[in-house]
Each structure stands twice: as C-alpha cells, then as structure tokens.
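Student: I would like to go through this structure with you. Please tie each label to its definition.

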Amino acid sequence: MKTANYRPLAHVLIRRIVLLATACALLLSVVQGVLTYRQVQQRFEATLQDIVSSNLPMLSVGIWDIETEAVRRQVETIVAKPEIGYARLNVATGQVFEAGDAALLRAQPLRRFEIPPPNNRGEPLGTLLIAVQPALLYQALTQALLAVFIGYLLLTLLICSLVAYVLRREVERPLRGMADFASRLAPSSLTAPLQLSRPARPHHDEIDLVAHGFATLQAAISRHIDTLDQQVEERTRQLDAALSDIRELSIRDGLTGCYNRALLSERLPSELERAQRYRRPLAVVFCDADHFKPVNDRFGHLAGDEVLRAIAQRISSQLRQDIDWVVRFGGEEFVIVLPETDLAAALVTAERLRAAISTSVILADGRTVQITASLGVAAFQSGEDVESLLNRADTQLYLAKQGGRNRVMG
Amino acid sequence: MRRMLALLLCCFSLPAMALSVTFINPGKHDEVFWLTATRAMQAAADDLGIRLQVLYAEREHPRVLALAQQIIAQPAAQRPDYVVFSNDYGTAPELLRLFEAAGICSFMAFSGRDDQPGQPAIGLPRMNFRHWLGSLEPRAEDAGYLTARALIERGRRAGLPRINGKLPLLAIGGDRSTPSSLRRSEGLRRAVSEAGDVVLLQEVHAGWSQQRAQEQGDWLFRRYPQARLLWAGNDLMAFGAMDAWRRRGGTPGKDAFFSGINTSAQAMAALRDDSLSALAGGHFIAGAWSLVVLYDFHHGHDFADEGLELVRPMFTLFDDRSAARFMQHYGKLDFSRVDFRRYSKQHNPRLRRYNFDFRQLL
C-alpha cells in the first residue's frame, strides 16, 4: 500500500499549521510593529515632556547662574536618556553645549525648546535642540517582533508536536493496524475480529466508527459467504438427484421400469463371478410374451405398452425383493436373474411367473387382453460365461415356443 | 564653672613641655592665601614657642576628616595640645565629634560656627562639645563692603554709562555655602544699597576658581553688555573676570573696573598697575591671631571675657602705598618682623582687649 505518493496526515496538518502560524505571526507582527511604533513615539513624547518639566528648569538655573559644569551635566543627562540621541544647547550669549551623536542633527527632525529665565521674565536664555534616538525605535521594534516570532515559533512547535503525537497515537497507529489487518484478511480468518491496541476511553471517535464499520463489513461478507455455501449445497443436491435420475434412466427400461440390456451386460458378469467364486447357484430365466404382435395390431401400440408394463409388474411381484432382478431384453422379451437359485428352484419360480403372466390383463379403457408367456430356464454352470448362460436359457425358450408356448422349459 | 576649671586644668596638664598645635589647613599647600596664612602662623608660633604642625587637606573636604582621624590615631603623648581648623564646607560637626571623643581641645579659625538648616546645631563652644574652646573669624562682610565701596567710587569717577541713572554692577562670589563667602556678598549688597546709584545685575559663584570666573565673566559680559563694574569674592576670580574682559578686547582699569580680595603678590601688582581697582585683604592673619589666643588661654588668660566666638575686623582696604608697604614687608611671606608676643595678654598683662586689625602690621 506504501506508494511514492504516500504522505502522512500529520505532515499535511503540520504544514497547514506552520503556514497558518506564519500568517498569524506576520499579521501580529504588523499589528505589534504599529503598536510598538506608537508606543515608542509616546515614549519619545513623554521623555520630551519630562525634559521640559525637569531638565529645562535646571538648565535655566544653570545658565542663569553660569554654572557651566551643571549645564554640561544637564545636557549629558538629557542625552543619557535612551530616547534621546542628540542634544544641543545654544545659549543666547553664544555658548554652545552639545552631547550625543551630532550626525543626528541633520538626519532627524529636531525638537526645539526655548529656555526661559528662572523667574520667567525677560528674554529666553537659550534654545535646546533635541533629536530623538532612532536606534531606540529599531531596537524596540526588533525586540517586539522577535518576541512575536519566538512566541509563535514555540507555539507552532508545541502544536505540531502535539498534533504529531495525537495523530500518531490516535489516528496513524490505529489506521496502520487496520490497514495491516485488512491486508492480512483471508477467507479462513474472515471472522477474526479487528484488534486495535488503544487505551480505554469514555467516548467513541472516528477510529471506533471505522473499526465498527470493519466489523459490520466482515459480518456482511461472512453472511454472504454462508449463503453461497448453502446455495452450492442445494445445487449439488439437485445435480446429484439429476445424475441419479440419469443413471436410473441409463439402466432402466423407460416403458416397463425394468433394467435394460446395458445393465444386464454390466451386472450379470459380476453375478456370474460371485457365483463362481463362492460356488453359489445362479439361474437365468428367458421370458417372452406369446403372440404379442397380434396384440399390438389388434389393440394398438399403446395397449401393447400397457400389456408390457403389466407383464413386467407381474414378473417383479413374483420375485424376491432386492435379490432377484428383471431386465427387458428387447421387445416383449425379459431376462430374469435369480441369484442363489438352483435349476429346480428356478423352474418353480419360472412356473410361478408363467402363471402370473397368464392371467388376463384389464386395460385402462376397460378392455381385457388374454396373454401368455414362454419361459426358458438355465442354471449357471461353473466356468460358464454370460453369453453361454444366456444362450442356453434362450435355447430353452425356443424349446418352450416349439413345445406349444405358455410353458416352461429347462 | 567647676567644669570649666577642670577643662582648663586638663589643658594645662603638660606645662613643662612646649605647647603643641596642629592646624588642619583646608587649602592647597601651594595656594597663596593658605600659604600666607601658614607662614604668618609659623612666625607667631616661633615668637610664642609653640610647636606647630600644619596638615593640608588640599581643598578636598573628606580629607579634612581623614586628617582628623590621623591626629586622633596618634599615641596620646604625640597628640597636639590644640587643633586649629577652619569650618569650611560644614565639616565642623564631624570634626568636633572626633576631637571630643579623643579629648583633644579644638579651636576654629577663619570660618566659625555655621549652623546649617536641617542639621543638628552644634551649639555654643564648651557646651555640647566641651573640648571646643571657641573660634576666631575675620569679619568677612568688611571685605565685601570695603571693596564694593571702592569699586563703586572708581566707577563714578570714570563716569561710566548708566542704566536708568544707575551704575550696573556684576558680582562673582565664591560659593553659596561658606559663611565667609556669604558675608562678603552681604558686604557687597550693603555697599550697593548704601550707594543708591548702583544696581547689582547678577551675582554668580565661581567656586573661588580663576578659570570658572573667566568663563562666567565671559557669559556675564555677553549677557549684560552695558556692565563695566565687576566685584569678585577673591583675587583669583577677579583675575578670571579680567581675563574674560581682555579677551573681549577690553582693558581692565580703563574701560571696565574690577575688585578683589586677598593679599597675593599678583593682586598687589594688579592694584598697583591699576588693572585691579579695589583690593582688600589681611585676614590670613586670623591663623596667627588664633595661636596668640590659644597661647594666652594655655597660660590662663581665657578669651571668654571677650566672647567665645570672636568675629573681628581684620580686613584692610589697600591703596597704592599700603600695597607697596605690604610687598616690601611681607612680599616674601616672611612675617618674622612681627613680634606676636606684643599682642599676647600673657606677655602684656595690661592688654584687656585683643586688636586683630591687619593694618597695625603694615
């Protein structure tokens, strides 16, 4: 699942947060910059006011009393204020005192203060020129902006770490677990529940929803597979039934329900083999309806079929269930196989069959058909094959036909 | 009274040995006024048989206290019998405390008691501080007054321009705290008010410094272009103002007039070449007179009957002749021609009241 395009959610989130924080920091920097600028300007004004209220009177007294050292100190005191970059005192009598960076005299707009005499009467004693310290503004701006940026940097780092941690713990790890689980999922383990090692919590979240969805999906697939199995089983049963029907059809005669010749040639050899191996008796009876063609001609083929079915039914009714079996050999000819039966017993059975057949048959339309059959019996002789046995029985049938029909020969 | 007797006895305890006095000189060792004062004191000490030690504070106030502690730290036998000091810059209370604790008798010369507002008063001599015997000060106001009056007279004679009928006058004082400085200014003001046709435009303070006086003079002449009279609290400041005037292209004594105080050779010369128009001095002798007073006290002639805090006229206004005489007699700071014993009550039992005027020494 890991592809070249893979990018963790945390990266996306962190990138967004960093972008947002940068934007916020820039915005706040602008605001802070404006505020700082105003603040510094106010500070400048306050300092100038301070100079007017405290330094000017001192200067006034100092100039008046010609205390040049005091005047010099005052000017230096003024410049010592961080807000002031340069001060120049032009005394009315021509003397000049200056302190600070004289270059500011040209670069900066100068503030000018007249120095009144101590008693406030008369001509001003001089003029005080003051240039503010521009470095202070830059310094204050730098500090303020640095504070903003460092603050945001720390905040962003903190938020990103938190996001990364929470995402890893709450999202990435469970999701990876789910992805692994899903990739390992096989039909055999379909019902195995998704196990996420997450600490217990009072509330559900999206991960729980996805996990629940997994469980639901698994259950649905599982149910679907179960239904498929049932359907396959049903179809198989139906197929088996159909196959069994087909098989039944392949070994039975469609009209009479007796076995067909195919079955005889398949099954009789194994009967002979068993009789041979265990030295058990086995007899075969050839039975052929007498004068059946005239019945067909006189009553129609459907009636003929009806009669054939009656004959088969009468034969079956006289045989031992599950031991003896009947084959429609062709036309109106039947072969009855009597395992565990010697010739004498077979003759008795044959006689019973002849008797059963020779009763009149009442057709569906109420007409009555009188029918008889001739039967040839042959008992298995050791080492004899199927063909020989059948030939001998057929020969006895022929003899019975020759002998006047409706009789048993063997 | 008993207490005082005890005190006197304490001070007489070493009659066999020579009387010893230490003078804490507040000035610099090469400062003309204080050097002159010291020389005069030494002459008096020689006449009276006093062992005199002079310690210079070099005009640094904290050093005065350090010197006092140095005196106290000496073994009792080596300590002086008396300490003479000047109450400059309000150092007296601390000095008195130190000497009182050490039991050393002290006497103030030149500058006496000056109770500052906001500080505990030191009281009168021999009260709070029993070892503080008293003080002797020149009447400083005289100096200011005499020089101012002479300066104004010179201005009138020169027919200087007037403002509203009055002669404009400038003043450069010493400082704002030393009593002698203040009194000199008071004398100036008294002279101005007595004159009636003079207006004191402004008084500034140069801290006794020639350089600062020059600077302030420059400012003042620019500030008051009409002013042609300048009174100074001492000679150096007068010289500073004169320098400033010269730098402006003027000639002191011709187009502007200056007055000073002190008896330096330079001042005398300036007076004689007329660049300095008025000069008063002679109060350096206060130190020598103090030794006379202490000598008499030591020998049982207490000055208490003349007052414990003596403020006496000492200043002399010099003219050409007296200046010439001063230079002739004392130009080399040699005061040996004066016999200070003549002014001692011990040596002149009939002397009832001290005369400290300097004029008698000329």
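**The interface and its salt bridges**

Tutor: Chain B and chain A bury about 1,200 Å² between them, and carbon and sulfur atoms give 51% of that area. Buried area is the accessible area (1.4 Å probe) that two parts lose on being put together, summed over both. In chain B, B:Trp219, B:Arg222 and B:Arg223 supply 50% of the area that this chain buries against chain A, more than any other three residues. This is a predicted model: local features need pLDDT of at least 70, side-chain atom pairs count only at pLDDT 80 or more, and totals for chains, interfaces and linings use all residues. Residues are numbered from 1 along each chain as its sequence is written, chains are lettered from A and ligands numbered from 1 in the order in which they are written, and side-chain values use heavy atoms, with hydrogens and water left out.

Student: How many residues does each chain bring to the contact?

Tutor: Chain B brings 13 residues and chain A brings 12 residues. Contact means heavy atoms within 4.5 Å.

Student: What makes B:Arg176 and A:Asp65 a salt bridge?

Tutor: The rule asks for a side-chain nitrogen of Lys or Arg within 4 Å of a carboxyl oxygen of Asp or Glu. The closest N and O atoms of B:Arg176 and A:Asp65 are 2.7 Å apart, so the pair meets the rule. Across this interface the rule finds 3 salt bridges. A network of salt bridges links A:Asp65, A:Glu67, B:Arg176 and B:Arg212.

Student: How many residue pairs are in polar contact across the interface?

Tutor: There are 10 such pairs, both residues at pLDDT 80 or more. A polar contact is a pair of N or O atoms within 3.5 Å; within protein, one must be able to donate a hydrogen and the other to accept it, and residues adjacent in sequence count only if both atoms are side-chain atoms.

Student: Which elements of chain B supply at least two residues each to the side that touches chain A?

Tutor: Strand S7 (198–205) and helix H7 (210–223) do. H7(B) gives the most, with 8 residues. Helices (H or I, at least four residues) and strands (E, at least two) are DSSP runs, numbered from the N terminus.

**Inside chain A**

Student: Why is A:Glu170 called buried?

Tutor: Buried means under 20% relative accessible area, exposed over 50%, partly exposed in between (1.4 Å probe, protein chains only). A:Glu170 has 14%, so this residue is buried. Its salt-bridge partner is A:Arg169, at 2.7 Å, N to O. A:Arg169 has 34% relative accessibility and therefore counts as partly exposed.

Student: How do you know that A:Arg237 and A:Glu234 are about one helical turn apart?

Tutor: They lie 3 residues apart in helix H5 (residues 206–251) of chain A, so about one helical turn separates them. Their side chains meet in a salt bridge at 2.2 Å, N to O. A:Arg237 is partly exposed at 48%, and A:Glu234 is partly exposed at 32%.

Student: Is A:Arg277 buried or exposed?

Tutor: A:Arg277 has a relative accessible area of 53%, so this residue is exposed. Its side chain meets that of A:Glu273 in a salt bridge (3.0 Å, N to O). A:Glu273, at 47%, counts as partly exposed. The two sit 4 residues apart in helix H6 (residues 261–278) of chain A, so about one helical turn separates them.

Student: What share of chain A is buried?

Tutor: Buried residues make up 38% of its 410 residues. Chain A has 10 helices and 11 strands.
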